Amino acid sequence: MRRCQKYLLAGLSVILGPTAFAAETVNYTVTFHPSGDARLDRLLRQTSSLASLQKGEPPAPFALIGRAQADTQQFSVVLHSLGYDAGTVAVTIDGMALNNPALFEHLAQAPAGEKAKVLITPERGPVFHVGHVDVTGLPPGFKPPALVKPGQVALAEPILAATPALRTALHNDGYAFAAVSEPVAIAVPAAHLLNVSYKVMPGPRVKIGPIEFSGLTRTNQAFLRRHIALRQGQLYSTTAITAARDSLLNLGVFSSVTPLPQDHVTPNGEVPILFRVTQQKRHAVTFSGSYATDVGMTLSTSWEDRDVFGHAETLTFTTAANGLGGTGTVAPGYDLRAVFAKPDYYARGQTLSVSLEALKQSLNAYNRTAIVAGAQLSRPLTPHMTISYGPSFVTERVYQNGITRSYVLAQLPTTLAYNTTNSVLEPTRGINASFTLTPTEPLSGTTSAPFVIAYASAATYLAVEPNARGVIAVRGQVGTIRGASQFQVPADQRFYAGGSGTVRGYAYQTIGPLFPTGTPEGGLSLDAFSLEFRQRIGQSFGIVPFVDAGQVSAGSTPFTGRLFTGVGLGGRYYTSIGPIRVDFAVPVTRIPGNAGFEIYVGLGEAF
């Protein structure tokens with residue numbers, strides 16, 4: 001077929017003359033002359049179809065000319081976006097201008113195999129600055145947000161961004177139907193200025209009207225109205241409506257929430273708001289598992305009722321088998337837990353949680369069988385800070401180093417948490433810190449002295465590559481127990497280090513003072529530090545070199561024990577729900593009885 005096309009073209013060239021025949025395709029090279037502005041040069045290359053399509057199928061002569069003409073128009077947009085409103089970009093092919101009538105014939109008659117030379121030469125010209133900024137149609141008394149200012153470089157991005165910023169500000173000040181035109185920019189070449197104007201159509205100033213819900217199947221509508229911080233009669237605000245949507249989603253009973261402000265105003269100047277919701281299934285069953293060489297395998301399943309009494313209460317039963325085959329465990333254990341949570345308990349945003357737990361742990365450091373009952377109130381103090389507090393009661397039997405002791409403890413843990421991270425399983429920026437103070441009163445058992453446990457942890461994340469493909473993660477931990485001696489404090493309440501939560505590479509709980517038998521004693525103080533560099537490789541994989549260090553002391557003063565360090569390398573497989581983590585770590589200083597390495601597998605980053 002291709003040979004027939006060649007014969008047909010050859011015949012036409014004889015009949016119509018030599019200028020009617022055109023080469024089928026033209027190979028070419030592209031050269032960019034530097035403009036003196038690296039950002040401009042980069043954008044010209046990025047937006048050039050001549051450059052991006054160069055390695056594809058060679059174009060026909062007319063297509064190459066059309067491609068160059070399209071680039072010329074795009075280059076003008078790039079120049080204007082950077083304030084070079086008087087700049088030009090010349091594009092030539094084999095030294096000929098694109099509007100040269102002879103260019104097409106020149107390309108058509110080019111010898112086979114010869115590459116056309118495309119030259120792109122930018123001339124920036126003077127930088128334009130913003131001249132006058134006029135905003136017409138603003139309602140009386142309205143204070144617009146900071147827009148572009150006279151004298152600044154006339155970059156396209158801030159000039160265009162002013163339109164949605166002004167529109168949002170109007171919507172948040174009661175003007176629900178406000179519209180803002182796209183900016184009109186008029187260049188003044190002689191003064192190298194760009195005058196910009198915006199036209200505002202504010203419409204009426206309105207208030208929030210009646211609030212309704214559609215799609216409800218169980219949840220009480222009156223409860224939802226109390227829950228959202230949105231009241232009929234308050235000034236209309238898009239931000240307030242969005243915050244109400246987010247608070248409804250955070251209840252955990254809806255899979256989607258869509259606010260739909262109505263397109264009409266009531267006679268008393270209000271806009272009705274309809275929230276269209278989709279309720280999640282009332283009951284859910286989940287399964288999960290994790291593995292580490294020190295604590296072994298943990299398998300758990302849970303059953304959840306997401307809306308017990310129609311006010312977004314949750315009731316969760318969890319059953320877990322743990323300590324399966326771990327080097328830091330001596331036998332399998334269990335953890336049975338029931339938790340009832342009630343949101344907006346006596347105050348909006350305040351959650352009451354009541355829990356009952358039965359557990360058994362068989363660890364190298366101690367064996368423990370316990371029943372724990374507690375109640376906790378949790379409420380936000382700021383958008384990023386929460387406080388949680390409430391009593392708990394522990395009745396337990398603890399076996400350590402050949403001795404069994406029984407305890408009944410009353411505790412009042414109080415936690416202040418601060419979190420600005422952008423993800424639970426894969427944070428790439430922000431700070432996640434908490435401080436917990438746990439006063440403890442022994443009600444019966446060997447321990448006679450009350451004591452206080454103080455523990456603080458903080459982690460921060462810093463992206464070092466675009467799109468957070470490389471992240472430095474740092475974590476620090478410190479704790480102390482005051483008021484009782486080392487062995488007056490129950491073994492399970494003391495501090496231990498070693499394992500995935502503190503110093504990887506060491507068996508679970510083995511860092512710190514040891515009995516003559518080699519059993520970990522546990523201490524009254526702890527400090528630990530972790531540093532990771534998380535580097536993505538391709539789309540789905542990553543590597544994480546890391547170093548951990550920590551110490552546990554028998555006394556109450558941190559930073560006084562023997563420091564142990566572990567180093568390792570992790571692999572990551574990134575999924576839609578979070579990274580699957582495999583960490584391999586070795587101890588710098590071996591502890592007798594420990595293995596020479598540890599492996600940790602889980603979902604999400606180590607911290």
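In this predicted model, a nonpolar patch on the surface is formed by I537, F541, I543, L569, Y573, I577, I580 and L603, which together offer about 760 Å² of accessible area. Two strands, β26 (541–553) and β27 (564–574), each supply at least two residues of the patch. One of the patch members, I580, sits in strand β28, which covers residues 579–587. The relative accessibility of I580 is 37%, so this residue counts as partly exposed, the class that lies between the limits of 20% and 50%.

Turning to the interior, the largest nonpolar core comprises 25 residues, and the members with the most contacts inside it are L50, V91, I93, L107, V118 and I120. Helices and strands both take part: β1 (28–32), α2 (38–47), α4 (61–81), β2 (88–93), α5 (103–108) and β4 (116–123) are the elements that give two or more residues to this core. Of these, α4 provides the largest share, with 6 residues. A closer look at I93 is helpful here: leaving aside residues up to four places away in sequence, I93 touches L64, A68, L98, L103, L107, A116, K117 and V118. Apart from this core lies another, of 23 residues, which includes I208, V271, I273 and F275.

A loop residue rounds off the picture. N467 is found between β23 (451–463) and β24 (470–482). With a relative accessibility of 75%, N467 counts as exposed, because the limit for that class is over 50%. In sequence, N467 and T428 are 39 residues apart, while in space their C-alpha atoms are 9.5 Å apart.

Key. Residues numbered from 1 in each chain as written. Predicted model: local features only at pLDDT ≥ 70, side-chain atom pairs only at ≥ 80, totals over all residues. Heavy atoms only, no water. Patch = residues over 30% accessible without salt bridge, like charges linked within 9 Å, V, L, I, M, F, W, Y side chains within 5 Å. Areas by Shrake-Rupley, 256 points an atom, 1.4 Å probe, with all protein chains shown as cover. Salt bridge = Lys/Arg side-chain N within 4 Å of Asp/Glu carboxyl O. Helix = DSSP H or I, 4+ residues; strand = E, 2+ residues; numbered from the N terminus. Buried < 20%, exposed > 50% of the residue type's maximum accessible area, 1.4 Å probe, protein only. Core = buried A, V, L, I, M, F, W, Y, C linked by side-chain atoms within 4.5 Å. Contact = heavy atoms within 4.5 Å.
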